[in-house]
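Me: I've got a new protein on my screen and I'd like to practise reading it. Can we go through it with questions and answers?

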Amino acid sequence: MSDYFPDTIAAIATAAGKGGVGIIRLSGPESLDIAKRFIGFNPKPRHAHYCPFQDRTGVTLDEGIALYFKAPHSFTGEDVVELQGHGGPIVLDMLLNAAVAYGARMAAPGEFSQRAFLNDKLDLVQAEAVADLINSTSETAARSAMRSLHGDFSQYIDSLLKQLIDIRMFVEAAIDFPEEEIDFLADSQVLQQLKNLSNDLTRLIETANQGALLTEGIRVVIAGRPNAGKSSLLNALAGKESAIVTDIAGTTRDVLKEQIDIDGMPLHIIDTAGLREASDAVEQIGIARAWNEINQADLVLLVYDATNEAEFDPRNDWQELLSALASNDRLHLIANKIDQTDLPEGIDHGGEFPKISLSAKTRIGLDLLTSHLKNQVGYRSNAEGIFTARRRHLDALSRALESILAGTAQLELANAGELLAEDLRVAQEHLGEITGKFTADDLLGEIFGSFCIGK
């Protein structure tokens with residue numbers, strides 16, 4: 001019986017909809033007893049039993065394969081039973097209701113993975129990799145998620161923790177036993193170890209950043225005046241007619257979202273209503289939603305009509321937009337409709353904001369835009385050995401690096417051994433947050449609550 005979860009949970013483990021096979025999964029101390037009530041006998045561990053599945057009154061609900069995984073040799077580390085029957089939603093609901101009638105409880109989102117984590121079957125990075133693998137939007141992302149699930153990312157973290165702990169042991173021993181006359185502050189070995197650790201951590205941050213891009217992608221908002229060609233650009237990037245395109249100003253009244261894949265990196269494109277003073281109530285709501293998306297965007301593509309190139313001045317015409325952006329680095333100009341001008345396609349980095357000249361209608365210059373977007377976030381499509389990561393991982397790694405650099409400065413500039421020891425302790429906690437060694441319960445709830453039910 002799990003020390004964390006004394007009850008038994010059940011859920012449909014296959015995706016919603018109709019299919020040839022559907023799976024009911026149970027985990028917990030009563031799983032074997034519930035399985036016996038379903039099939040009439042005790043299943044052997046790791047044997048496939050073809051049999052009918054019956055409810056409490058003896059009525060056969062379905063027939064299929066029953067599999068029993070005896071603790072601790074299961075995904076969750078508990079007794080686990082899977083009933084693999086037909087994949088119709090009605091029959092799966094009937095089986096799930098019968099499992100609850102036999103004493104199970106409906107599983108919460110991510111509760112199977114959470115039990116695997118708390119029973120030391122997975123660390124937190126591997127548990128998150130399960131969700132990343134399920135939600136993969138490209139082959140590259142799926143392969144990277146498998147690397148994380150197999151422990152590649154965790155091994156890097158464990159290696160850094162080992163280096164950090166070795167330094168801490170030496171430093172704190174010197175502080176606690178000054179009578180031994182170990183002058184670690186004058187020992188260049190400690191300083192070199194700190195610099196090596198900082199370099200290794202910097203390289204890991206670069207790799208994890210690639211993994212985070214594969215997992216979460218970037219949010220790109222297309223903004224501009226009505227009839228600038230925003231919806232045409234969305235359609236060109238998506239490769240289909242997602243948005244209605246007309247010559248009538250204000251056609252787009254609401255936010256329209258598409259996700260595309262650029263060499264394995266998910267790109268979340270958001271088309272928005274044309275930004276202008278509007279009297280129409282519906283258009284006003286659309287414009288308000290456009291501003292909300294702009295505030296949340298990683299990058300904003302400000303589209304304008306290249307036939308009016310001489311009149312376009314982002315500083316004078318778009319003060320409100322510039323004020324809304326926390327950093328001007330997020331703004332990129334799109335000179336659209338160059339097919340109606342003598343302007344060539346290209347990228348201009350000479351101005352205050354990068355400018356890409358293209359034609360959404362003819363797709364001229366579109367490849368320049370996609371390459372530019374990859375370059376802006378530092379994505380390398382041919383990078384080897386990438387594992388999936390999340391922004392919380394990057395945040396923890398960055399905070400760990402800050403603490404190590406701060407401690408190194410204390411050693412170099414002030415010979416402050418006690419302050420160095422404290423910075424190293426904080427850095428270890430930040431690294432431990434990633435794999436779950438030092439993780440608050442509310443963060444665990446947030447992480448596993450984002451998983452699908454049945455996983």
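Me: Are Tyr304 and Phe312 buried or exposed?
Reply: Keep in mind that we're looking at a predicted model. A residue needs to be under 20% relative accessible area to count as buried. For Tyr304 and Phe312, the verdict on both is buried.

Me: And what kind of ring pair do Tyr304 and Phe312 make?
Reply: A pair of aromatic rings is described by the distance of the centres and the angle of the planes. Here the ring centres of Tyr304 and Phe312 are 3.7 Å apart. Their planes sit at 5°, and planes under 30 degrees apart count as stacked. So the pair is stacked.

Me: How many aromatic pairs turn up in the whole structure?
Reply: Some rings join up into a cluster, with Phe153, Tyr156 and Phe387 linked by ring pairs. Searching the whole structure gives a total of four.

Me: What kind of pair do Phe38 and Tyr102 form?
Reply: The centres of these two rings, Phe38 and Tyr102, lie 5.1 Å apart. Their planes meet at 85°, and over 60 degrees is the edge-to-face range. So this pair is edge-to-face.

Me: How many residues apart in sequence are the parts that the Phe38 and Tyr102 pair ties together?
Reply: Phe38 belongs to helix α1 (residues 31–39). Tyr102 is in the loop between α2 (89–101) and β6 (105–106). Phe38 counts as buried at 0% relative accessibility, and Tyr102 also counts as buried, at 6%. The parts tied together are 64 residues apart in sequence.

Me: Which residue lies over the face of Trp318?
Reply: Let's look at charges over rings. Arg25 lies over the face of Phe112, 5.4 Å from the ring centre. For Trp318, the distance to the ring centre is 4.0 Å, and the residue lying over the face is Arg225.

Me: Why is helix α8 described as largely enclosed by the rest of the structure?
Reply: Helix α8 covers residues 230–238. Its buried residues include Leu233, Leu234 and Leu237. They pack against several elements, among them β7 (218–224), β8 (256–262) and α12 (366–377). The helix is largely enclosed because its buried residues number eight of the nine.

Me: Which residue just after α8 takes a positive phi?
Reply: We're looking just past the end of α8, for a phi of about 75°. The residue there is Gly239.

Me: What share of the protein chain is buried?
Reply: The chain has 15 helices and 13 strands. Counting over its 455 residues, the buried share is 48%.

Notes:
Residues are numbered from 1 along each chain as its sequence is written. This is a predicted model: local features need pLDDT of at least 70, side-chain atom pairs count only at pLDDT 80 or more; totals for chains, interfaces and linings use all residues. Side-chain values use heavy atoms; hydrogens and water are left out. Helices (H or I, at least four residues) and strands (E, at least two) are DSSP runs, numbered from the N terminus. Buried means under 20% relative accessible area, exposed over 50%, partly exposed in between (1.4 Å probe, protein chains only). Contact means heavy atoms within 4.5 Å. Rings of Phe, Tyr and Trp (its six-membered ring) pair if their centres lie within 6.5 Å; planes under 30 degrees apart count as stacked, over 60 as edge-to-face and the rest as tilted. A charge sits over a ring if NZ of Lys or CZ of Arg is within 6 Å of the ring centre and within 35 degrees of the ring normal.
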